Amino acid sequence: MGEPKSNDNAMLHDGEMIVRNNMISSSEVVHCSEMLHGDNMVQESEIVHGDEMVISGNEMVHGSEMMIHGDEMVQVNDIIHSNVMAQVNNMVNGDEMAHGNALVSADVNPPTSSRRRKKKSPVWEHFTIQHVPGDKRCRIACCNLCKGTFAYSSGSKIAGTSHLKRHIIQGSCPVIKNQERELALPLAEVADNDGEGTIERPSKRRYRRNGSANATFDQERSSLYLAKLIILHDYPLHIVQQPAFSALIGSLQPCFKLSDVDAMEGEVYAVYLKEKHNLLQALSTMPGRMSLTVGLWITSQTLGYVSIAGQFIDMEWRVHRRVLNFTMVASPHSQDALAEAISRSLFDWGMREKLLAITLDNDCPSHDIYSANLRDHLSNKNGVMLKGQLFVVRCYAHILNAAAQDVIASVHGVISGIRESIKFIKASDSHDEKFAEIALQLEIPGTKTLCLDVTTQWDTTYLMLLAALDYRQAFTILETCDDNYNEAPSAEDWKKVEAASNCLKLLYDSAHSVMAVANPTSDIFFHEAWKLQLELANAAAHEDPVVSSIARDVHESFDKYWKDCNLVLAVAVVMDPRFKMKLVEFSYSKIYGVEAAKYVKAVNDSVHELYKEYLAQPPVYVEQSASGNNTQTTPPSTGDGLLDFDMYLSEIATTQPSKSELEQYLEESLTPRSTQEFDILNWWKLNTLRFPTLSKMARDVLAIPVSTVTTASSVFSAVTGSRMLDDYRSSLRPEIVEALVCAKDWLPH
């Protein structure tokens, strides 16, 4: 509670009582049984008796909490004088006070109890309330340290304490500011200049709700936070030398000393090393194998970088993808550049015996991955699985991007004309209004809006063509009405646009389907790939030469991807209990027709061969039961007289071995496909005990990253080659570039 407030609107004087601006005459003075106080009626039992007084608004304070003396009343630590009682909402003048049914003289002896009411705000430990000379109604707050004065009360209005708190806790007080600069610590208990006692900044009581007002400044911790800020938000290291940033930091914490660029590099690298240690510990408990994604980055110089990320499924059956390395290579497109970078990464992270597959972006040459240099670095004991048939995977998103660029290139001239037409319409309001009037006359629904595309994002080009097709007649009429417009596509052009849009729609829908899942497992890509392969094959065989010519090039590009990667995708979908081999049989019959059986057999043989390889590995996830190695020939008797029957069952078990986990899994009925979202990883988590070996195989296969792209903007990017590292990052030392890229991925966002 702050200093008591005086209020001239409420006063008891000379036989009259004024309560909250209402005048009560002498005949209406409070009778013996009740008294008006503030906004409430106070009954006799609540009236001040003996050693009690009403004070501070509507609160009852015992006489032991107040002392009356002289002409003034001061709460808690101050003296109450005889003729004036200062309250928050009312002031009583005169020489008498209510007591029982009579008026009591102000000469009543003050109570002697020493118990005092404590102030609620710690600000009063640093300020003293004083009257303004010549004006008893106005009061000011005086800082005990710097003797500065601040507004407090104008008589009827209290200024509050917020500005007083800011003076203390934000270092506005020059005395506090000088002391903190000298000690680099919060204000400790020190004597003031006059030697009149001590002032201390409370250690437990807080002015702010977040409790940080009196936190001890820590230079090392603040430098760590600054390093993480630079890493997470891609700020340049030389931000610490920018005057505006330095001024901002100084205004927030004058004690913080900004590091130079070299020191900031050290801070960033320290964060990188710490987070790398944490990731190494996490990977040491990884239950299965890891698959890698590899991409190329080029610079304005001849140097380049290889980015390597690992994807795996943890003990709780959750998918993780972590950037492992961002390594500089002198010649990024040389034959051995990728192999050397991957080999170093596997050795650095202890993954040489745990590698399953490598997924490449569209710019990485496959022959480099197959080089003997890389194979030599893989353990002979735990080398590539399935004779390397799953070892190399092409990025699905990059294949879609490349196919989309083929479609756009096939009708490039028509697309340029449509762009110019839309520019003409959007160039002025009159053109736009005229075009809208034509569309209204033609009764075009107008469900799509004409808009220009972003040439680096092929999905926007598709949406632009889709909208333009709805307004094809309006373009033709506009050309006849406006002599300045002569870009309307012909009927043949619109036919090409329609065929191109149909192809782009297939790619667009497929990309959206795979990106709808936050952490996609490899099985979902089979659904999209086989449908796209079938649709493009049908379009390439279309009787219309315009349609077939556009689809043919796209199908040839995607067919190459299908031949290289359909086995990986098929093995992955077999691990889905809703489909197993049944979807492979169904889809292959659509794609290959009468030749489907041999392709189905190839998938089935690969699944069984891969299972055998996992079966040959030592158990890791589920301990084998001791009964599996039991050599006992005579089963124990159960005491029911059927010992011979038990012997018979034992002989059957040895002569007719049980089916393998894989056979049991494939022969079981499919898990029903429901409208609810199916969690394949949770299914395997729940069935690990039933299929201990097969679950190991499922864990690794489902973790294969079929796409290196993780964001929607990258899926639709028209840039299919190597990504470009900006000039600033290119100018940094390679180890700092790697620290910035990797630590950004490892730190929590």
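**Entry 1: a strand pair.** I looked up strand β18 (residues 304-313) and found that β18 pairs with strand β19 (residues 319-329) in the antiparallel sense, over 10 bridges. I note that the model is a predicted one. I then asked which residue in β19 stands opposite Ile 313. The residue is Val 319. I recorded β18 and β19 as a hairpin with 5 residues between them. In the turn, I found that Trp 317 has a positive phi of about 60°.

**Entry 2: the largest pocket.** I next turned to the largest pocket, which holds about 1,300 Å³ of space. I listed the residues closest to its centre, out of the 48 that line the pocket: Arg 321, Thr 708, Val 709, Thr 710 and Arg 723. I then asked which element supplies the largest share of the lining. That element is β19, with 6 residues. Both strands of the hairpin are among the elements that each supply at least two lining residues; the others include β17 (290-298), α9 (396-410), α14 (491-515) and α25 (734-746). I sorted the lining by class and obtained 23 nonpolar, 17 polar and 8 charged residues.

**Entry 3: Ser 501.** I located Ser 501 in helix α14, a helix that also supplies at least two residues of the pocket lining. Is Ser 501 buried or exposed? I entered Ser 501 as buried, because its relative accessible area is 3%, and buried means under 20%. Leaving aside neighbours within four places in sequence, I found Ser 501 in contact with Tyr 462, Leu 465, Leu 466 and Leu 469.

Technical notes:
Residues are numbered from 1 along each chain as its sequence is written. This is a predicted model: local features need pLDDT of at least 70, side-chain atom pairs count only at pLDDT 80 or more; totals for chains, interfaces and linings use all residues. Side-chain values use heavy atoms; hydrogens and water are left out. Two strands pair if DSSP finds at least two bridges between them. Helices (H or I, at least four residues) and strands (E, at least two) are DSSP runs, numbered from the N terminus. On a 1 Å grid over the protein atoms alone, a cavity is a set of points where a 1.4 Å probe fits but cannot get out, and a pocket is an open set with protein on both sides within 12 Å along at least five of seven lines; lining residues have an atom within 4 Å of a point. Grid points are joined across faces, edges and corners, and a volume is the space filled by probe spheres set on the points. Ala, Val, Leu, Ile, Met, Phe, Trp, Tyr, Cys and Pro count as nonpolar, Asp, Glu, Lys and Arg as charged, and the others, Gly among them, as polar. Buried means under 20% relative accessible area, exposed over 50%, partly exposed in between (1.4 Å probe, protein chains only). Contact means heavy atoms within 4.5 Å.
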